[in-house]
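Please look over the sequence and the model shown here before reading on. The paragraphs below are meant to be followed with the structure open.

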Amino acid sequence: MPSLVQPLSAFDSISASLPLIQSEAVDLNAAFGRILRAPICADRPVPPFDRAMMDGIAIDSTAKLKQWKIAGIQAAGEPAAQLTATDQCFEIMTGAILPAGCDCVIPIEAIEIAQGQAKLKCEETYNRGNFIHTTASDHQPGSVLVDSGSLLRAPELSIAASCGATQVQVSLLPRITLITSGDEVVPPNQTPLDYQIRASHPTAIRSIIISNQLGTLNHLHIADDEDATRQAITQALDSSDAVILTGGVSKGKFDYIAPILRELAGAPLFHGVSQRPGKPLGYFFRDIPIFALPGNPLSVMACMARYVVPALRQMLGAPSEICELPLAAESKTLPHLTHLLAAKIENGQIHPSAPNNSGDYSALLACQGVVEMHPAETPLAAGSRCKFYPW
Ligand SMILES: Nc1nc2c(c(=O)[nH]1)N[C@H]1C(S)=C(S)[C@@H](COP(=O)(O)OP(=O)(O)OC[C@H]3O[C@@H](n4cnc5c(N)ncnc54)[C@H](O)[C@@H]3O)O[C@H]1N2
Ligand code: MOO
């Protein structure tokens, strides 16, 4: 393994190599959680007509009257009526278009209606424009309402629906191939022998990918075997938009992954990062990004949060979710390595969860990502601001 690179320059190398994934049109109802790639623009003025904001009466305010004869009803969903005399009014419903000749809505609570007349209660006043949501007062036609790069959730999708955007252009979901490795690893539904363990990485990685809608995941497990490794990687490179491998990247005699990646994809952009956990992390690129994660469970989670999730977000054109928050309590640092600790966010503060070692996955419980602490000789004081990378 060549000399270690700093986490920041490791991510910079990844970032500089990444292609932007193509986009596709999808139905509005299938677009939740996807990343918008063409802006959604107002197809009409917003609001499209002078809209009554209250149930009440619509009047012409210029005559300054206190009583009006009810000329009819202006219901929502009906074309605009026409006021023909200033001493007349229309009963109007919220959402209705303002009748022509009217310039003010008085809410029902401010009037008394009897014998075909609406009368202003004595303490009430009104002004021109009251309770009218004026045409185009929010947006002109053609203005961008939802920017490209937005994550589509309820607010964005409801705006799209209101603009008649029944199809939206979104980033394709990258086809991600996960290759896990190790002769000691058996599927969770199998009873392990004394020297075996159950696989946890596929479940962890699938959860991260699916919960963030970062792609579709195809998983295969390979034995510590050179030919099987070569075959699996060759196949993955031909059929994926990104490849994630776990295990087999340190210095063991059966750690075939890095040499075979080198053979198939050329020299890594880096192999070895000045961090714990996740020191043996490797990154290769052959048309698509290839992440070789160290096999320890905490390394997998830390590298997913710190590198893979931000990289996949970048490929999707999605907004970053990395944030900077204060530490809730004093926290241990490492003198020479960046410390990536699983952590929870509570009340806007980072609560790191210190593991016994990078195989101690119980330390991950309820954590939402990792906090990055730069190398230091002394602990970081409570309140120190650190970057938090969610998974
Ligand atoms: N001589 C050295 N040895 C090691 C070094 C080193 O620098 N010099 N680095 C250590 C560090 S740090 C790490 S991290 C590990 C990473 O090694 P590998 O990427 O080769 O990972 P493996 O040895 O294959 O596995 C590590 C650990 O994780 C378990 N594992 C693997 N796959 C799964 C899975 N799918 N689900 C759950 N657990 C899994 C595996 O059984 C091992 O216990 O290397 C150190 N060694
Ligand atoms: O860096 Mo390893 O990832 O300590 O466990």
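What follows deals with the ligand site and then with a few points along the backbone.

This is a predicted model. A good place to start is ligand 1, which takes up the space of the largest pocket. Its surroundings consist of 19 residues, and the closest are Glu184, Ser200, Gly248, Ser250 and Gly295. By class, the shell around ligand 1 holds nine polar, six nonpolar and four charged residues.

Backbone atoms of the protein take part in polar contacts with the ligand. Glycine 248 has a polar backbone atom 3.0 Å from an oxygen atom of ligand 1. At asparagine 296, a backbone N or O atom is 3.5 Å from an oxygen atom of the ligand. Histidine 201 offers a polar backbone atom as well, and here the partner is a nitrogen atom of ligand 1, at 3.4 Å. On its own, ligand 1 has 870 Å² of accessible area, and the protein covers 70% of this.

The next points concern backbone geometry. Most peptide bonds are trans, and most residues other than glycine have a negative phi. Against the first of these tendencies, the peptide bond from valine 46 to proline 47 is cis, with omega near -10°. Proline 47 belongs to the loop that runs between strand S2 (40-41) and strand S3 (51-52). The bond from arginine 276 to proline 277 is also cis, and its omega is near -5°. Proline 277 sits in the loop between strand S19 (275-276) and strand S20 (282-286).

Where does the model show a positive phi in a residue that is not a glycine? Alanine 136 is one such place, with a phi of about 65°. This alanine lies in the loop linking strand S10 (132-133) and strand S11 (144-146). Alanine 136 counts as buried because its relative accessible area is 17%, which falls under the 20% limit. Asparagine 347 has a positive phi too, near 50°. The loop that holds asparagine 347 lies between strand S23 (338-346) and strand S24 (349-352). With a relative accessible area of 81%, over the 50% limit, asparagine 347 is therefore exposed.

A last stop is histidine 374, in the loop between strand S25 (369-373) and strand S26 (385-390). Its relative accessibility is 53%, so histidine 374 is classed as exposed. Leucine 337 is 37 residues away from histidine 374 along the chain, yet their C-alpha atoms are separated by 7.2 Å.

Conventions:
Residues are numbered from 1 along each chain as its sequence is written. Chains are lettered from A and ligands numbered from 1 in the order in which they are written. This is a predicted model: local features need pLDDT of at least 70, side-chain atom pairs count only at pLDDT 80 or more; totals for chains, interfaces and linings use all residues. Side-chain values use heavy atoms; hydrogens and water are left out. A residue is near a molecule or strand if one of its heavy atoms lies within 4 Å of it. A polar contact is a pair of N or O atoms within 3.5 Å; within protein, one must be able to donate a hydrogen and the other to accept it, and residues adjacent in sequence count only if both atoms are side-chain atoms. Accessible areas come from the Shrake-Rupley method with a 1.4 Å probe; for residues, only the protein chains shown count as cover. On a 1 Å grid over the protein atoms alone, a cavity is a set of points where a 1.4 Å probe fits but cannot get out, and a pocket is an open set with protein on both sides within 12 Å along at least five of seven lines; lining residues have an atom within 4 Å of a point. A molecule sits in a cavity or pocket if more than half of its atoms lie within 2 Å of its grid points. Ala, Val, Leu, Ile, Met, Phe, Trp, Tyr, Cys and Pro count as nonpolar, Asp, Glu, Lys and Arg as charged, and the others, Gly among them, as polar. Helices (H or I, at least four residues) and strands (E, at least two) are DSSP runs, numbered from the N terminus. Buried means under 20% relative accessible area, exposed over 50%, partly exposed in between (1.4 Å probe, protein chains only).
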